[in-house]
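Q: I'd like to practise reading pockets, contacts and burial on a real example. Could you take me through one?

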Amino acid sequence: MSTLPTHVTLVDVGPRDGLQNEAQPVPAATKIELVHRLQAAGLREIEVTSFVSPKWVPQMADNAEVMAGLTRQAGVRYSVLTPNMKGFEGALAAKADEVVIFAAASEAFSQRNINCTIAESIERFRPVAEAARAHGMKVRAAVSCALGCPYQGGVSIAAVDDVVQRLLDIGSHHIGIADTIGVGTAGQVQRVMEAAMKRVPLAELSGHFHDTYGQALTNIHACLQLGVHTFDASVAGLGGCPYAKGATGNVATEDVVYLLHGLGIHTGIDLDALVDAGAFISQTLGRPTASRVARATLAKRARAA
């Protein structure tokens with residue numbers, strides 16, 4: 001029988017990955033408040049914003065303003081997505097603790113999304129990783145489409161393995177295995193993770209799961225059985241899946257915390273405060289939370305009141 005980790009670190013990607021696809025503008029003050037609520041709830045790793053061209057991602061045009069407006073808490077790591085050197089310069093000026101880079105494990109996805117091969121996309125990140133390391137910033141790399149691609153379908157473990165090694169070769173400290181379209185199942189996830197574990201220290205390996213097919217929590221549990229103890233999640237399940245109409249995107253942080261606490265795993269997160277943070281941003285966006293745990297908790301509170 002496998003021994004589950006005693007402690008799990010959650011990276012909340014809601015402020016960046018969650019909000020970046022919102023059509024309605026979300027004010028900088030709201031984004032700052034969301035980060036403050038997440039850290040007050042006990043989150044110690046928060047992906048705050050993205051230093052990308054506002055032409056491509058208008059929702060993140062206020063990146064510098066959001067970073068400048070944060071009341072930083074000791075022990076919290078604030079990360080930002082940086083697709084190129086211009087983005088890195090913005091991240092450096094904003095005093096980000098960590099830069100996030102990414103590469104797809106699918107050639108079809110790479111060509112369709114950024115118009116270049118996987119190898120070319122990773123080379124573009126080499127100067128970013130080198131500059132970040134030179135400035136003492138952590139480099140976290142994500143391998144997207146690691147469990148399936150909307151254009152080519154299946155993705156081989158060998159393809160994922162190749163991208164993991166290339167990202168390590170350019171200087172990434174941390175590797176995240178991402179099920180970008182949420183099609184992975186537990187056995188498949190374990191096989192991909194086991195391959196990654198041969199190259200990446202367990203402490204620097206994480207999982208990023210979308211809940212399109214309702215498998216995200218099952219996949220996280222499958223990773224826990226291997227000893228993986230870092231996961232991305234998004235408060236209130238923010239962030240749709242752009243490749244599957246109407247499908248849910250990122251797994252909700254509240255749901256992951258409920259699972260972990262039920263397994264007796266320490267997260268350092270106050271679930272009630274986290275539900276409040278999710279309710280705050282959902283209310284601001286004018287729609288119900290996508291977290292089932294939050295919906296149940298809020299309904300229970302309403303009944304008690």
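Q: Let's begin with the second largest pocket. What is its volume?
A: This is a predicted model, and in it the second largest pocket comes to about 290 Å³. Its lining is made up of 16 residues, and Asp211, Gly214, Asp255, Ala290 and Arg292 are the closest to the pocket centre.

Q: Which helices each supply at least two residues of that lining?
A: Look at helix 9 (216-224) and helix 12 (292-304); each of them gives at least two lining residues.

Q: And how does the lining of the second largest pocket split by class?
A: Count six nonpolar, six polar and four charged residues.

Q: Moving on to contacts, where is Ala203 found?
A: Ala203 lies in the loop that runs between helix 8 (186-197) and strand 7 (205-209). For contacts, skip the neighbours within four places in sequence: that leaves Ala203 touching His174, His229 and Thr230. You can also set sequence against space: Ala203 and Gly227 are 24 residues apart along the chain, with their C-alpha atoms 9.4 Å apart.

Q: Now Glu22: is it buried or exposed?
A: The cut-off for buried is under 20% relative accessible area. Glu22 has 12%, so it counts as buried. Glu22 sits in the loop between helix 1 (14-18) and helix 2 (28-40).

Q: Which side chain does the Glu22 side chain make a polar contact with?
A: That would be the side chain of Arg287, at 2.4 Å. Arg287 also turns up among the residues that Glu22 touches beyond four places in sequence, along with Gln59 and Leu285.

Key
Residues are numbered from 1 along each chain as its sequence is written. This is a predicted model: local features need pLDDT of at least 70, side-chain atom pairs count only at pLDDT 80 or more; totals for chains, interfaces and linings use all residues. Side-chain values use heavy atoms; hydrogens and water are left out. On a 1 Å grid over the protein atoms alone, a cavity is a set of points where a 1.4 Å probe fits but cannot get out, and a pocket is an open set with protein on both sides within 12 Å along at least five of seven lines; lining residues have an atom within 4 Å of a point. Grid points are joined across faces, edges and corners, and a volume is the space filled by probe spheres set on the points. Helices (H or I, at least four residues) and strands (E, at least two) are DSSP runs, numbered from the N terminus. Ala, Val, Leu, Ile, Met, Phe, Trp, Tyr, Cys and Pro count as nonpolar, Asp, Glu, Lys and Arg as charged, and the others, Gly among them, as polar. Contact means heavy atoms within 4.5 Å. Buried means under 20% relative accessible area, exposed over 50%, partly exposed in between (1.4 Å probe, protein chains only). A polar contact is a pair of N or O atoms within 3.5 Å; within protein, one must be able to donate a hydrogen and the other to accept it, and residues adjacent in sequence count only if both atoms are side-chain atoms.
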